[in-house]
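Subject: Structure for you to look at

Dear colleague,

As promised, I am handing over the structure, and I would be glad if you could keep it open while you read the notes underneath.

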Amino acid sequence: MIEYVRGELAELTPAYATVEAAGVGYGLNISLNTYSALQGKREVKLYVYEAIREDAYVLYGFYNKKEREMFQLLITVSGVGTNTARMMLSGMTVAELCNVISTGNAKLMQSIKGIGKMTAQRIIVDLRDKIVALGITDEIPAGGSVQSPVDTAVRDEAVAALTMLGFAPAPTQKVVIQILQEQPTLPVEQVVKQALKQIK
């Protein structure tokens, strides 16, 4: 079993990283959160999850153990595969996911591509107690609030516009929320313009 890979970051895209260690290039599927954490780094250490199937041997890389733990929890839920779990960790940070699960916010979870109503409810029911037991909720800041409230109407309209332009909803929403947290009074068109510059 591979616990982690430490080496030189040879290649990096929003969904994939190649780390060269001892002359071997390890290709790892990553989330947008890990991608952001790796920006500008040359020497990296990624914690690994190995998905071994009959037709494939796939490595997933995580910037820290908390993200890997959350990933492993998510894939224990019926209907959540490795790609869906990675999508969820691209759409929200570990802290945000913990907050959504612990507060039972199925509606917010459904904003992530591939998560329907039944799956969202199943994740909440299955994982609410487990995230506490594993201590993943330590990621949540005191007070339980992870993000400042944003104008939901502007957020939804901006995300809808960007989705129609062909961008994936989960990472799009993350960028839009970040923009609105920094500039809460921005109109929709300005949010969309700024998001277009930031979405990779």
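What follows is a short account of what was found in the structure.

Please bear in mind from the start that this is a predicted model, and that the values below were computed from it.

I begin with the cavity. The structure holds 1 cavity of 30 Å³ or more, and the volume of this largest cavity is about 30 Å³. Its lining is made up of N29, I30, S31, Y60, G61, F62, F71, R86 and L89. The elements that contribute two or more residues to that lining are β5 (57-62) and α3 (82-91), and the largest share, 3 residues, comes from β5. Sorted by class, the residues lining the largest cavity are 5 nonpolar, 3 polar and 1 charged.

Next come the aromatic residues, some of which you will recognise from the cavity lining, namely Y60, F62 and F71. A search of the whole structure finds 5 aromatic pairs, and I describe two of the pairs here. In the pair of Y60 and F71, the ring centres are 5.2 Å apart and the planes stand at 35°, so this pair counts as tilted. Because Y60 lies in strand β5 whereas F71 lies in helix α2 (residues 65-74), the pair ties together parts that are 11 residues apart in sequence. Y60 and F71 are both buried.

F71 also pairs with F62: here the ring centres are 4.9 Å apart and the planes are at 50°, so this pair is tilted as well. Like F71, F62 is buried. Taken together, Y49, Y60, F62 and F71 form one aromatic cluster, and you may find it convenient to display these four side chains along with the residues that line the cavity.

A further aromatic residue, Y4, has a charged neighbour, since K45 lies over the face of its ring, at 4.2 Å from the ring centre.

Finally, I would draw your eye to Q173, which is placed in helix α8 (residues 169-182). Is Q173 buried or exposed? With a relative accessible area of 10%, Q173 falls under the 20% limit used for burial, and so it is buried. The side chain of Q173 makes a polar contact with the side chain of S111, at 3.1 Å.

With best wishes

Technical notes:
Residues are numbered from 1 along each chain as its sequence is written. This is a predicted model: local features need pLDDT of at least 70, side-chain atom pairs count only at pLDDT 80 or more; totals for chains, interfaces and linings use all residues. Side-chain values use heavy atoms; hydrogens and water are left out. On a 1 Å grid over the protein atoms alone, a cavity is a set of points where a 1.4 Å probe fits but cannot get out, and a pocket is an open set with protein on both sides within 12 Å along at least five of seven lines; lining residues have an atom within 4 Å of a point. Grid points are joined across faces, edges and corners, and a volume is the space filled by probe spheres set on the points. Helices (H or I, at least four residues) and strands (E, at least two) are DSSP runs, numbered from the N terminus. Ala, Val, Leu, Ile, Met, Phe, Trp, Tyr, Cys and Pro count as nonpolar, Asp, Glu, Lys and Arg as charged, and the others, Gly among them, as polar. Rings of Phe, Tyr and Trp (its six-membered ring) pair if their centres lie within 6.5 Å; planes under 30 degrees apart count as stacked, over 60 as edge-to-face and the rest as tilted. Buried means under 20% relative accessible area, exposed over 50%, partly exposed in between (1.4 Å probe, protein chains only). A charge sits over a ring if NZ of Lys or CZ of Arg is within 6 Å of the ring centre and within 35 degrees of the ring normal. A polar contact is a pair of N or O atoms within 3.5 Å; within protein, one must be able to donate a hydrogen and the other to accept it, and residues adjacent in sequence count only if both atoms are side-chain atoms.
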